[in-house]
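Trainee: Could you take me through a close look at one part of this model, a single helix and what surrounds it? I would be glad of one connected account, with the residues named as you go.

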Amino acid sequence: MNRATRSVLHGLTAPHRHSSPRTPHIFTKRNYLLSGDDSLNQSTTTINARTEPTITSEHPNSNAFKIWPTITSQPPREIIKPEKRSRIYIDTENTSVALREALLSSELKKAWTAYRLLPASECLLLTHEDHSTLLGLLTAHTHSTIAEAHSVTVIFRMREHDIHLDIRDYHNLMRIYLANNNEAKMLDAMKTMQKVDGVQPDLICYNLLMALYAKSIPRRLDMLTNTWIESLRQMPWARLANMDGWAILIDGYARGGDVEGAEKMYEHVKSKAESAGMEIPAHVHEAAIRMYGLAGKLTDASRVFDFVLRREGPSTQSKTVGSAYQGVNEHLYDAMIEACQACNNLGLATMYFKQVMDMCDQWDEWWTASYLNRHSLITRGVLSLPIKLTPVYDRFKRRDGSNFISDNENRGHLCLLMELYQNQSKENFPRNRAYPLSITFDRMICLAAQANDSRLAFEYLCMHIAHNKPEDISFEYVIRMYIRMGNIDAAHQVYRAMAYFGFRPSVEIAAAITSYGPLDPNAPTTF
């Protein structure tokens with residue numbers, strides 16, 4: 001160790017001694033942090049002026065002590081001491097508290113980001129409810145493959161921390177596998193729940209497995225029937241109580257081509273329910289409506305729809321605080337519109353679509369009135385009068401009252417769709433409004449496209465973008481219609497808008513559009 005290094009170390013370790021003016025002071029970031037100052041750009045002279053003691057004649061070594069107003073000046077050692085920093089930022093983004101807040105608000109993206117980046121110490125603070133709630137949110141993921149990959153991480157962490165899965169966790173897992181059509185993992189989950197966690201499959205597990213066979217292409221009616229028989233063998237008491245299973249059976253057999261067998265099942269469950277004094281729920285009748293539509297019996301489908309409408313009543317909201325909507329819902333209308341789609345009846349489907357839109361207007365009116373009655377300044381006083389509101393605006397038009405497509409429209413399809421997309425937040429206001437199912441919009445677009453009514457199909461597509469989140473199939477219906485009609489410019493512009501919105505077109509659509517070569521995306525188009 002040389003003399004310079006020894007002198008520096010001696011100066012750092014010697015207590016209660018003033019530094020020599022010949023010893024240079026290197027102003028580093030560490031010295032700045034120890035000084036407790038808030039500004040790195042503040043001059044050393046200001047630091048010394050605040051921290052140096054006053055030099056008087058009584059001060060020891062006053063003749064040798066000297067303040068240097070330069071960057072090399074060093075304050076006395078007894079003044080430099082660690083202080084608590086005024087602004088300390090604690091990162092709470094990836095903690096168990098942040099995860100629970102995201103789970104309560106049902107924000108899947110935020111919840112998964114916090115869950116994935118949790119440190120090991122925070123993972124120990126998670127409970128079984130936290131993992132189960134996240135699995136439940138993954139069932140609503142847009143991409144089923146990504147949801148399945150995320151579920152593997154959740155299950156691994158639960159096994160790592162010795163958290164046993166209950167029947168709810170297996171329900172969510174099987175729903176994720178069902179969305180991805182993964183039969184092997186669904187069967188493996190039913191075996192794992194018995195061997196590893198000691199949980200017996202219930203009716204929901206068997207119904208989810210039946211739904212997999214009912215939606216598979218081609219339909220596997222033999223496995224659908226075997227699963228139904230196995231569920232009855234395990235739970236004989238559920239022969240009539242499992243109405244969800246009956247609905248899956250009727251729908252699966254009707255889509256599989258055995259409409260006669262589906263009709264026999266529907267008549268059988270109706271007779272058994274009437275003899276037992278039970279009331280068949282609405283979703284069984286919805287499956288029967290779809291069945292009659294696939295069979296081409298639109299009159300029978302309308303008869304069942306009218307029966308459910310008379311029994312359940314029109315859609316109303318109960319006056320009890322916190323109660324749900326009473327009467328029929330949008331699923332019954334979607335079943336009837338699907339029956340009209342199977343029979344290619346655009347006029348009747350338009351009538352039912354208008355009815356479901358009016359029903360959503362009533363829901364919005366009641367919800368807004370109840371909200372204002374709870375939070376209005378008038379109701380906080382003596383007066384507590386109910387507030388009657390009218391629908392905000394016509395859903396078949398823009399928010400300003402104009403049509404989606406004006407009569408003298410001379411712009412292209414791409415310009416119209418981009419305008420709607422950019423003003424979507426203004427058109428879709430308020431955001432808590434009720435709307436029909438997204439697949440209901442797709443059915444109306446498909447019906448109009450099959451009838452080669454290009455203007456009506458494009459209006460339904462604009463309505464879908466303004467009021468709901470469209471899907472890739474919505475654009476493909478319109479593109480196929482324009483290609484079939486020979487309107488290549490319009491098909492190309494809808495294709496460009498589809499790609500801009502972030503949807504991935506099918507190989508068939510992409511090949512058909514690119515075969516025509518480059519086209520002008522801003523060219524005016526006709527309907």
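Mentor: Happy to. Helix H4 (96-104), helix H7 (128-138) and helix H8 (144-160) are among the elements that cover the buried residues of helix H5. Please keep in mind throughout that this is a predicted model.

The buried residues in question, in H5 (residues 108-116), are Leu108, Ala111, Trp112, Ala114 and Tyr115. Looking down the axis of H5, you find these buried residues within an arc of 165°, so they line one face of the helix.

Just before that helix, the loop between H4 and H5 holds Ser106. Its backbone is worth a glance: phi of Ser106 is near 55°, a positive value in a residue that is not glycine. As background, most residues other than glycine have a negative phi.

Now to the covering helices, beginning with H7, where Ser132 lies. With a relative accessible area of 7%, Ser132 is buried, because that value is under the 20% cut-off. A polar atom of the Ser132 side chain lies 3.0 Å from the backbone oxygen of His128. Beyond its neighbours within four places in sequence, Ser132 is in contact with Arg168, Asp169 and Asn172.

From there we can pass to H8, which contains Ile155. This isoleucine links back to the H7 region: the C-alpha atoms of Ile155 and His131 are separated by 8.3 Å, with their positions 24 residues apart along the chain. Ile155 is buried, at a relative accessible area of 15%. If residues up to four places away in sequence are not counted, Ile155 touches Leu135, Leu165 and Leu173.

Helix H8 also holds Glu148. Is that glutamate buried or exposed? Its relative accessible area is 7%, so Glu148 counts as buried. The side chain of Glu148 makes a polar contact with the side chain of Asn182, at 3.0 Å. Asn182 also appears among the residues that Glu148 touches, together with Ile176, Tyr177, Asn180 and Lys185, again not counting residues up to four places away in sequence.

To set this part in its wider frame, the protein chain has 26 helices and two strands. Of its 527 residues, 41% count as buried. Among contacts in the chain with a separation of 6 or more, 66% are between residues 24 or more positions apart.

Two other places make useful companions to what we have seen. One is Asn344, in the loop between helix H18 (330-342) and helix H19 (346-375). Like Ser106, which has a phi near 55°, Asn344 has a positive phi of about 55° although it is not a glycine. Asn344 is partly exposed, with a relative accessible area of 48%.

The other is a pair of helices for which the packing geometry is available. In general, two packed helices are described by the angle between their axes and the distance between the axes. Helix H24 (residues 472-485) and helix H26 (residues 507-514) pack at an angle of about 40°, and their axes are 11 Å apart. H24 and H26 are therefore oblique to each other, and their crossing is left-handed. On the H24 side, Glu476, Ile479, Arg480 and Ile483 meet Glu508, Ile509, Ala512 and Ile513 of H26.

Terms used
Residues are numbered from 1 along each chain as its sequence is written. This is a predicted model: local features need pLDDT of at least 70, side-chain atom pairs count only at pLDDT 80 or more; totals for chains, interfaces and linings use all residues. Side-chain values use heavy atoms; hydrogens and water are left out. Buried means under 20% relative accessible area, exposed over 50%, partly exposed in between (1.4 Å probe, protein chains only). Helices (H or I, at least four residues) and strands (E, at least two) are DSSP runs, numbered from the N terminus. The arc is that of the directions from the helix axis to the C-beta atoms. Contact means heavy atoms within 4.5 Å. A polar contact is a pair of N or O atoms within 3.5 Å; within protein, one must be able to donate a hydrogen and the other to accept it, and residues adjacent in sequence count only if both atoms are side-chain atoms. Axes are lines fitted to C-alpha atoms, for helices over the stretch in contact, and angles run from 0 to 180 degrees between N-to-C directions. Angles under 35 degrees count as roughly parallel, over 145 as roughly antiparallel, 65 to 115 as roughly perpendicular and the rest as oblique. A crossing is left-handed if the near helix is turned anticlockwise from the far one by less than a right angle, and right-handed if clockwise.
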